[in-house]
Amino acid sequence: IGMKFTEEQLKIYAAPLSETENQKCINAINMVRDALKNLGFTDDGKEIQKMYDDTYAYSLEMRTSSGARKVKIFIQGSYANNTNVRTQSDVDIAVVQEEIFTTEYRPSTSLYPQSDEDYNFCTVTPAQKTFKDEVQECLEKKFGTDVERKNKSIKIYGNTYRKDADSVPCRRYRDYRNDYRKDASNYIPGIVIIPDHGDRIINYPEQHIANGRKKNNDTNRYYKKMVRIIKKMRYLMCDLGYQEAEQVSSFGLESLLWNLPDDLFIKYRIYRYEFGEIVEYLHNHKVEIESYKEANGIKALCPTSTDVLHYRNFVDKLFEFYEYDI
């Protein structure tokens, strides 16, 4: 069954978060920064910076006084990308260990293989305490029982002043496969999350932020408006019991739209027509979904045939669900 949406409704769905949400992102970074001081990290009096002016992607670099250890803290996820639609959702904070990192090289079978020797890197013996353990301890010292360890993150429960925050302790991932200069700084930056259970996860949140911002600028700011609308549609469909909406993620829908041609987003100035155009395009080009990438432009959006099926099913249901008032 379709639902009819008015222009006014879609304008509300498309609107970005308010200034108060912005302040909560700053507060969340401050919380982690203050806790890390218990581990001997200093911010050298630096201010929290935005990675880009037109995002909530705040970041801060810290180091130990000797400079031997370095950490980068930054907001990732829907807050950083300014595509959030549920104001009660957590602020997601990456806490990245920089001085110990994981590398990816071209294989030995390649014409130009690479190895640690090319960059004078050495392997370190694993510390007795994991970085995640350290971060957990310093957060508990600061926030006591408001801290809970999860499989991939450490959650800090909020109060009136601060939102719930998910801190994700991780290690820097350096992808050197496109470096032919043996330049240690010439890598694609990612992060490696080592969960308590399951395989390690490699993500590229900084690439996602940069790519999403570029796409938004190239589409007269319509890309992120349409992302907020499709995320809102997913929540509405979940509330109405659509199984298909449960099988895709908000992150995935943001990536889904990132793959669409820029000119598609600037066809109409009227939101209800514009969103209708996007839904129709997705429906007519379902076959292409299996080749789509995440918004970071590196990982496949649908690594398995089951994922492909889930996104196609969602698109079919959205096509039936979305109608607009003339």
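In this predicted model, E7, L10, K11 and A14 of helix 1 meet Y271, R272 and F275 of helix 9. Sorted by class, this contact of helix 1 with helix 9 holds four nonpolar and three charged residues, and no polar ones. Helix 1 covers residues 7–14, and its axis comes within 8 Å of the axis of helix 9, the two crossing at roughly 70°. Because a crossing angle of 65 to 115 degrees counts as roughly perpendicular, helix 1 is described as roughly perpendicular to helix 9.

Helix 9 spans residues 271–284 and is also the home of E277. Is E277 buried or exposed? Its relative accessible area is 18%, and a residue under 20% counts as buried, so E277 is classed as buried. Leaving aside residues up to four places away in sequence, E277 touches L264, K267 and Y268. With one of these, K267, the side chain of E277 also forms a polar contact of 2.9 Å.

A second pair of helices can be read in the same manner. Two packed helices are described by the angle between their axes and by the distance between those axes. For helix 5 (residues 205–218) and helix 6 (residues 222–239), the angle is about 110° and the axes lie 6 Å apart. Helix 5 and helix 6 are therefore roughly perpendicular to each other. Which residues make the contact? Helix 5 contributes G212, R213, K215 and N216, while helix 6 contributes Y222, Y223 and K224. By class, the contact of helix 5 with helix 6 includes three charged, two polar and two nonpolar residues.

The strands offer another view of the fold, and strand 6 is a good place to begin. Strand 6 runs over residues 91–104 and pairs with strand 5, residues 70–76, in the antiparallel sense over six bridges. To follow this pairing in the structure, a reader can start from K72, whose bridge partner in strand 6 is V96. Strand 6 pairs with strand 9 as well, here in the parallel sense. How many bridges join strand 6 and strand 9? There are 11, with strand 9 made up of residues 165–175. A94 gives a handy entry point to this pairing, with V168 as its bridge partner in strand 9. Strand 6 thus takes part in an antiparallel pairing with strand 5 and a parallel pairing with strand 9.

How values were computed. Residues numbered from 1 in each chain as written. Predicted model: local features only at pLDDT ≥ 70, side-chain atom pairs only at ≥ 80, totals over all residues. Heavy atoms only, no water. Axes fitted to C-alpha atoms, helices over the stretch in contact; angles between N-to-C directions. Helix = DSSP H or I, 4+ residues; strand = E, 2+ residues; numbered from the N terminus. Parallel < 35°, antiparallel > 145°, perpendicular 65-115°, else oblique. Contact = heavy atoms within 4.5 Å. Nonpolar A, V, L, I, M, F, W, Y, C, P; charged D, E, K, R; others polar. Buried < 20%, exposed > 50% of the residue type's maximum accessible area, 1.4 Å probe, protein only. Polar contact = N/O pair within 3.5 Å; in protein donor to acceptor, adjacent residues only side chain to side chain. Pairing = 2+ DSSP bridges.
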